[in-house]
Amino acid sequence: MVTTGEVWDALAEIPDPEIPVISLVDLGVVKNVAIENGTVRVDFTPTFMGCPALGAVPEVRVLLDDSWSTDDITAEGREKLRVAGFAPPTPRPAERMELVQLQRGFRCPYCGSTETKLENLFGPTPCRSIRYCEACRQPFEQFKTI
């Protein structure tokens, strides 16, 4: 009989379809694992409605009433994103976010500089934007804080 720990371990090996350096578990979209009467149930929250990870199997429950947040990304996942050249999102503030908060300097994943600027609010997916580092002159993707 499989255990929930074994299921979590297996899920930790599944890469995100768009950013394969991070697993679905590290991204924080897998919310819960349960085993009932020999059936494994995985509770899953997509990052956005068009998320390619929505190719759900009947045993996978897509939780639309529990929205995903970038705060769900694990510390290991944030480090994997940084090493791969993505600026991890900042923690979500308690108050409502404004566009100006998206334009403040974020740390460059290559050189660590905060001298960065927003190049394009819309990156390859709705949850990412394109930034440019003035110090090392590298473009990079910034996960939006959701």
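**Figure 1. Overall order of elements.** From the N terminus on, the elements of the protein follow the order α-α-β-β-β-α-β-α-β-β-β. The model is predicted. The protein holds four helices and seven strands. Of its 146 residues, 38% are buried. Among contacts with a separation of 6 or more, 38% join residues 24 or more positions apart.

**Figure 2. The open sheet of four strands.** The strand order is β4-β7-β6-β5, and the pairing is mixed. The edges are taken by β4 (86–87) and β5 (116–120). Each has a single partner strand, so one side of each lacks a neighbour in the sheet. In a regular strand, side chains alternate between the two faces of the sheet.

**Figure 3. Close-up of β5 and β6.** These two strands run antiparallel and are joined by four bridges. One residue to find here is Lys-117, whose bridge partner in β6 is Tyr-132. Strand β6 covers residues 128–133, while β5 covers 116–120.

**Figure 4. Close-up of the β6 and β7 hairpin.** Strand β6 (residues 128–133) pairs with strand β7 (residues 139–143) in the antiparallel sense. Five bridges connect them. Ser-129 has Gln-142 in β7 as its bridge partner. Arg-131 stands opposite Phe-140, also in β7. Five residues lie between the strands of this hairpin. Here Arg-137 takes a positive phi, near 65 degrees.

**Figure 5. The largest nonpolar core.** This core has 18 residues. Leu-11, Val-30 and Leu-81 touch the most other members. At least two core residues come from each of α1 (4–11), α2 (24–27), β1 (30–36) and β2 (39–44). Helix α2 gives the largest share, three residues.

**Figure 6. Close-up of Val-30.** Val-30 is one of the three residues that touch the most other members of the largest nonpolar core. Which residues does Val-30 contact, leaving aside its neighbours within four places in sequence? They are Trp-8, Leu-11, Leu-24, Val-25, Val-42 and Asp-43. Leu-11, in this list of contacts, is another of the three core residues named with Val-30.

**Figure 7. The largest cavity.** Rolling a probe the size of a water molecule over the atoms shows where empty space is left. A search of the whole structure finds two cavities of 30 Å³ or more. The largest holds about 80 Å³ of space. Its lining comprises 13 residues. Asp-16, Glu-18, Leu-27, Thr-47 and Cys-127 lie nearest the centre of this cavity. By class, the lining divides into eight nonpolar, two polar and three charged residues.

**Figure 8. Close-up of Arg-82.** Arg-82 is found in helix α3, which spans residues 75–83. Is Arg-82 buried, partly exposed or exposed? Its relative accessibility is 34%, so Arg-82 counts as partly exposed. The band for that class runs between 20% and 50%. Leaving aside neighbours within four places in sequence, Arg-82 contacts Pro-88 and Pro-109. Cys-108 is 26 residues from Arg-82 in sequence. In space, the C-alpha to C-alpha distance between Arg-82 and Cys-108 is 8.6 Å.

Definitions and conventions:
Residues numbered from 1 in each chain as written. Predicted model: local features only at pLDDT ≥ 70, side-chain atom pairs only at ≥ 80, totals over all residues. Heavy atoms only, no water. Pairing = 2+ DSSP bridges. Core = buried A, V, L, I, M, F, W, Y, C linked by side-chain atoms within 4.5 Å. Buried < 20%, exposed > 50% of the residue type's maximum accessible area, 1.4 Å probe, protein only. Contact = heavy atoms within 4.5 Å. 1 Å grid on protein atoms, 1.4 Å probe; cavity = no way out; pocket = protein on both sides within 12 Å on 5 of 7 lines; lining within 4 Å. Points joined across faces, edges and corners; volume = space filled by probe spheres on them. Nonpolar A, V, L, I, M, F, W, Y, C, P; charged D, E, K, R; others polar.
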